[in-house]
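Biologist: I would like to learn how to read a protein–DNA model with you. Could we take the features one by one?

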There are 2 protein chains.
Amino acid sequence: MKGVAMAGTRGVKGVAMAGTPGVKATRELSDRGAETRTLILDTALEAFAEAGFRGTSVREIAARCGLTHPALLYHFPTKADLLMAVLSRRDQADGGDGFGDLGAHAMLEHLVATARLNATQRGVVELYATLSAEATGRDHPAHEYFRRRYASLVADLTRGFAELAAGGQLAARTDPSVAARQLVALMDGLQVQWLLDPEVDMAGLLEAYLDTQLA
Amino acid sequence: MKGVAMAGTRGVKGVAMAGTPGVKATRELSDRGAETRTLILDTALEAFAEAGFRGTSVREIAARCGLTHPALLYHFPTKADLLMAVLSRRDQADGGDGFGDLGAHAMLEHLVATARLNATQRGVVELYATLSAEATGRDHPAHEYFRRRYASLVADLTRGFAELAAGGQLAARTDPSVAARQLVALMDGLQVQWLLDPEVDMAGLLEAYLDTQLA
DNA sequence: GTCTATAGAGTGATAGAC
DNA sequence: GTCTATCACTCTATAGAC
């Protein structure tokens with residue numbers, strides 16, 4: 001699924017080599033090089049989360065892995081490639097393509113559960129909060145990624161709220177696409193507030209919003 | 001006032017030299033040096049907005065002003081000093097200390113009006129969206145600034161919603177402090193969505209939220 | 001108040017040895 | 001697959017002339 005700062009299962013190994021040069025598509029499992037790649041991706045996630053994409057150097061990430069920076073660039077030819085690999089790896093860990101065919105209730109429950117989980121994973125929240133703002137610039141390497149991400153998230157949620165409306169479960173004054181955008185905005189904004197003050201209850205404030213919108 | 005990406009009057013000159021070394025507190029108006037300072041602050045706002053604090057160099061800002069970077073650093077001794085000067089200048093332009101003693105209705109109207117105005121000032125929105133995310137890191141020069149900013153914004157809005165509740169103008173299920181945090185989050189999140197897609201109607205989505213919370 | 005020059009460190013990326 | 005060495009920049013900041 002595709003929550004805005006969606007958390008997912010950590011430590012999924014051996015599935016994150018798509019599209020990388022120098023690695024054969026068909027090869028044995030328990031490849032030693034794949035472990036290095038996984039280490040790099042985990043480390044890069046933390047580093048980008050702490051200082052953003054522009055604020056983090058390839059050397060810094062490599063050093064935390066116990067590597068030199070040319071060794072890292074052997075696996076990911078450019079820094080932008082590394083960023084995109086980190087993002088797609090999270091997408092895969094989060095279950096692939098969006099909410100898929102989840103029902104409306106399951107969708108909203110998943111969202112609240114994710115907010116609760118995120119409150120235990122500061123790094124992931126920092127990554128998406130920092131990057132989504134950074135990537136509003138049209139020249140940022142992750143710009144198109146975030147455009148697509150938000151468009152599909154809003155589309156899925158609009159479908160969900162419309163389903164609720166059809167079943168008479170949405171407040172009469174609530175428009176599905178309006179609620180979808182508001183919900184996404186709320187998740188993003190609450191993350192910034194939580195990062196500045198961990199007392200902020202992201203999941204609770206999200207649930208309170210949903211209570212006011214449901215019939 | 002202190003909206004999250006609050007816009008204010010541009011081009012206010014000769015009022016932004018507070019706390020800068022090398023400039024006497026009491027001096028004649030129409031100081032020539034003050035014009036350079038103002039030019040630098042306007043230019044720095046634009047530049048920080050486009051690429052964030054970390055993504056912008058002092059040289060880049062100086063060049064856009066037709067200056068060399070040592071000339072700029074004569075006016076603002078460090079890059080962090082320049083950032084803080086940009087932020088305090090905007091706060092002054094926006095009217096000083098928060099919502100002050102504005103009534104609840106005036107407060108909310110001001111907020112919606114600001115959202116509408118912001119849709120014509122992409123640079124200002126980019127500045128606050130990028131910086132507020134960047135500044136969640138505890139070592140960022142603007143970290144304390146944003147902590148204070150959000151705390152006072154939430155406090156003011158909580159007071160406003162409480163005032164409405166006392167007058168029976170708030171929906172029964174709405175808690176003032178919950179609504180305050182949600183409203184701030186909504187403003188922040190909508191800005192990111194608007195930066196990624198200018199079709200997004202920030203003011204309209206904000207008004208729609210307020211309609212669901214008022215009695 | 002602005003300049004040139006430079007220090008001193010950091011940047012992404014590449015070449016080539018092993 | 002990882003290394004050392006290096007290229008060609010860029011960065012913030014300072015020294016000192018004018």
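Biologist: Let us begin at the DNA. How many Å is a base nitrogen of DNA strand C from an N or O atom in the side chain of Arg59(A)?

Modeller: The distance is 3.1 Å, from a side-chain N or O atom of Arg59(A) to a base nitrogen of DNA strand C. Please keep in mind that this is a predicted model. For a pair like this, look at which part of the nucleotide takes part: base or phosphate. His69(A) also goes to a base, with a side-chain N or O atom 2.2 Å from a base nitrogen of DNA strand C. On chain B, His75(B) has a polar side-chain atom 2.6 Å from a phosphate oxygen of DNA strand C.

Biologist: Which elements give two or more residues to the surface near DNA strand C?

Modeller: Both chains take part: helix H2 (58-64) and H3 come from chain A, while helix H1 (32-51) and H3 come from chain B. H3(B) gives the most, with 4 residues.

Biologist: Which residues come nearest to DNA strand C?

Modeller: There are 19 residues around DNA strand C, and the nearest are Ser57(A), His69(A), Thr68(B), Tyr74(B) and His75(B). You can also ask what the protein meets on the DNA side. Sugar and phosphate make up 56% of the atoms of DNA strand C that come within 4 Å of the protein. As for residue class, this surface divides into 7 nonpolar, 9 polar and 3 charged residues.

Biologist: Now for the other strand. Which residues come nearest to DNA strand D?

Modeller: Here the list is Thr68(A), His75(A), Ser57(B), Arg59(B) and His69(B), out of 19 residues around DNA strand D. Sugar and phosphate account for 54% of the atoms of this strand that come within 4 Å of the protein. By class, the surface near DNA strand D has 7 nonpolar, 9 polar and 3 charged residues.

Biologist: What do the individual atom pairs look like on that strand?

Modeller: Sort them by DNA part again. Arg59(B) has a side-chain N or O atom 3.1 Å from a base oxygen of DNA strand D. Phosphate oxygens of DNA strand D lie 2.6 Å from a side-chain N or O atom of His75(A) and 3.4 Å from a polar backbone atom of Thr56(B).

Biologist: Which helices supply at least two residues each of the surface near DNA strand D?

Modeller: They are helix H1 (32-51) and helix H3 (69-75) of chain A, together with helix H2 (58-64) and helix H3 (69-75) of chain B. The largest share, 4 residues, comes from H3(A).

Biologist: The chains seem worth superposing. What turn and shift lay chain B on chain A?

Modeller: For two copies, read the rotation angle together with the shift along the axis. A turn of 180° and a shift of 0.0 Å along the axis lay chain B on chain A, with an RMSD of 0.1 Å. The two copies are therefore related as by a two-fold rotation axis.

Biologist: Why do the copies meet through the same surface?

Modeller: Compare the residue lists on the two sides. Of the interface residues of chain B, 100% are also interface residues in chain A, so the copies meet through the same surface. The contact involves 37 residues of chain B and 37 residues of chain A. Together the chains bury about 3,300 Å², 62% of it on carbon and sulfur atoms.

Biologist: How many salt bridges are there between chain B and chain A?

Modeller: There are 2, and one pairs Asp197(A) with Arg181(B), whose closest N and O atoms are 3.9 Å apart. Helices H6 (122-134), H7 (143-166), H8 (176-196) and H9 (202-213) of chain B each give two or more residues to the side that touches chain A. H8(B) gives the most, with 13 residues. That side of chain B divides into 19 nonpolar, 10 polar and 8 charged residues.

Biologist: And within a chain, how far apart are the closest N and O atoms of Glu126(A) and Arg122(A)?

Modeller: They are 2.9 Å apart, in a salt bridge. For a pair in one helix, check the sequence spacing too. Glu126(A) and Arg122(A) are 4 residues apart in helix H6 (residues 122-134) of chain A, so about one helical turn separates them. Over all chains, the count comes to 18 salt bridges.

Definitions and conventions: Residues are numbered from 1 along each chain as its sequence is written. Chains are lettered from A and ligands numbered from 1 in the order in which they are written. This is a predicted model: local features need pLDDT of at least 70, side-chain atom pairs count only at pLDDT 80 or more; totals for chains, interfaces and linings use all residues. Side-chain values use heavy atoms; hydrogens and water are left out. Contact means heavy atoms within 4.5 Å. Buried area is the accessible area (1.4 Å probe) that two parts lose on being put together, summed over both. A salt bridge is a side-chain nitrogen of Lys or Arg within 4 Å of a carboxyl oxygen of Asp or Glu. Ala, Val, Leu, Ile, Met, Phe, Trp, Tyr, Cys and Pro count as nonpolar, Asp, Glu, Lys and Arg as charged, and the others, Gly among them, as polar. A residue is near a molecule or strand if one of its heavy atoms lies within 4 Å of it. A polar contact is a pair of N or O atoms within 3.5 Å; within protein, one must be able to donate a hydrogen and the other to accept it, and residues adjacent in sequence count only if both atoms are side-chain atoms. Copies are superposed by least squares on the C-alpha atoms of residues with pLDDT of at least 70 in both.
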